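Take a look at the protein below. This report starts with the whole chain and then turns to a few of its parts.

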Amino acid sequence: MTCPRSQPISDNCVSLGPFVLLKSLCCPVLLMGQGIGCPEKSRKSELALNQSMRKEEDGEECREEAVERGDQQLRALRGVADLNNGAIGLYNMGQSCCLNSLLQVFFMNTHFTMILRRIRVPVGHAEQKESVPYQMLLLLEQMQRSKQRAVYPQELVLCLTVHNLKLFVQYDAAHLFLSLWNLVKNQITDRQLADRLTTLYTIWVQEYLVCQKCSFETRRDSNMVTLPLPMFNAHSQRLKTLEDSLHCFFQPEQLTDNNMCLCEQCERKTPSLQGMRLTCLPQTLTLHLKRFCYRKYSWTQKISYSLPFPQSLDFNQILTQEQFHPDAKEKADWQYDLFGVVAHSGLASFGHYCAYIRSLTEGRWYCFNDSSVCQVSWDDVKCTYGNSHFHWGETAYLLVYMRKNPQ
């Protein structure tokens, strides 16, 4: 299956920056599903590195140079995705399609690259080799300088192996995303930058437990980087849309019979109401669709049925007033646009990942499938909704939304 209505990135792609693309050495399904996503393009469609040239003219020269310097500073602030470069591929280092897709989502997020570009360089050579954020930064610089079609990310991969993220391992995208994010956060030595990264991605909620006998309520604040959304409700009924899944996640649950909890005030186990209230949402919101469920005897099944997701989300229209924390901040600004989709094709035991990402500067959608990248339409992205009759097809697994008009 190839990308329908897709176009190769060529002369009109200068603002995309060096995307992370990897050759298909991935899972067993790769050899069969190499065409899933975007097909390999001819040399005519390979991306050339666009060279920026300054105008040196008389009269208005100083004024133009001042404007150009300001434009260069703005580009540096925005990050790799907005630099005047063609897309540069990264060769697969061994079953790394999952890693590739996540790196593409990280690097295309200009809010993330702004933080990455401000890290402190480790002093010692050994520290540099083991620093994940530093090796990611070096990889970006390598892609910036490269005039080749692709580069080998071996230094970053070797760095990740030191931290037990090995090659030739079939990773779950949600688990690997959390591992990468935590490695970057924990190894940023500048606490202000680490706090900015936390603010960029962290979701804050308040967990509560209410006794149904005496109304005594226990509360606890907690946070998460991804929001794990169910595919079924409490009655094992299929949820039809992403909005239904979000509403179900924040729907309180009755704890009765064997699930009763100890009430501190009643001093015995009583029926309770357990739930979460949304306190704060980040600039970059990552939603994890729980498409893999565990059955008896450690057997894992993939849920392939369709779950449509919108291009825009407004939490004020999705959740009820009771599902918000009373002190929820900036609730009026909790409106989001879809930024990226990490899609999985294949079965639970083996498969392939690719990413669909919307350029923040152009607003166009692109499919990143290892060493191939092509422009796609929203209709192509909607093909990742899922299909219960096509278990090998692409299904959205991670959804990344970006807040509108960030402060």
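Among contacts in the protein chain between residues at least 6 apart in sequence, what percentage join residues at least 24 apart? The share is 73%. Keep in mind that this is a predicted model.

**The whole chain**

The protein chain holds 12 helices and 19 strands. It has 407 residues, and 50% of them count as buried. About 20200 Å² of the chain is exposed, with 50% of that area supplied by carbon and sulfur atoms.

**Three helices**

Here are three helices with their buried residues.

| Helix | Residues | Buried residues |
|---|---|---|
| α3 | 97–108 | C97, C98, L99, N100, S101, L102, L103, Q104, V105, F106, F107, M108 |
| α9 | 191–201 | L193, A194, L197, T198, L200, Y201 |
| α10 | 242–249 | L242, S245, L246, C248, F249 |

Start with α3. In this helix 12 of the 12 residues are buried, so α3 is largely enclosed by the rest of the structure. Its length can be checked too. At 1.5 Å a residue, helix α3 should span 16 Å. Its end C-alpha atoms are 17 Å apart, which agrees.

Next comes α9. Its buried residues are L193, A194, L197, T198, L200 and Y201. Seen down the helix axis, they fall within an arc of 160°, so they line one face of α9. Why can residues some places apart in a helix point the same way? An α-helix has 3.6 residues a turn, so residues three or four places apart point the same way. The face of α9 turned away from the buried side carries the exposed residues Q192 and T199. What covers the buried residues of α9? The cover includes the helices α3, α4 (110–116) and α8 (173–187). It also includes the strands β4, β5 and β11 (284–289).

Now α10. L242, S245, L246, C248 and F249 are buried in this helix. They cover an arc of only 160° around the axis, which puts them on the same side of α10.

**A sheet of four strands**

Two strands that help to cover α9, β4 and β5, also belong to an open sheet. This sheet has 4 strands in the order β5-β4-β10-β7, and the pairing is antiparallel. Which strands form its edges? They are β5 (217–224) and β7 (253–255), and each pairs on one side only. On average, neighbouring strands of the sheet are turned by 25° against each other, direction ignored.

Look closer at one pair. Strand β4 (residues 203–211) and β5 pair in the antiparallel sense over 8 bridges. For Y208, the bridge partner in β5 is R219.

Key:
Residues numbered from 1 in each chain as written. Predicted model: local features only at pLDDT ≥ 70, side-chain atom pairs only at ≥ 80, totals over all residues. Heavy atoms only, no water. Expected span 1.5 Å × (residues − 1). Buried < 20%, exposed > 50% of the residue type's maximum accessible area, 1.4 Å probe, protein only. Arc of directions from axis to C-beta. Contact = heavy atoms within 4.5 Å. Areas by Shrake-Rupley, 256 points an atom, 1.4 Å probe, with all protein chains shown as cover. Pairing = 2+ DSSP bridges. Axes fitted to C-alpha atoms, helices over the stretch in contact; angles between N-to-C directions.
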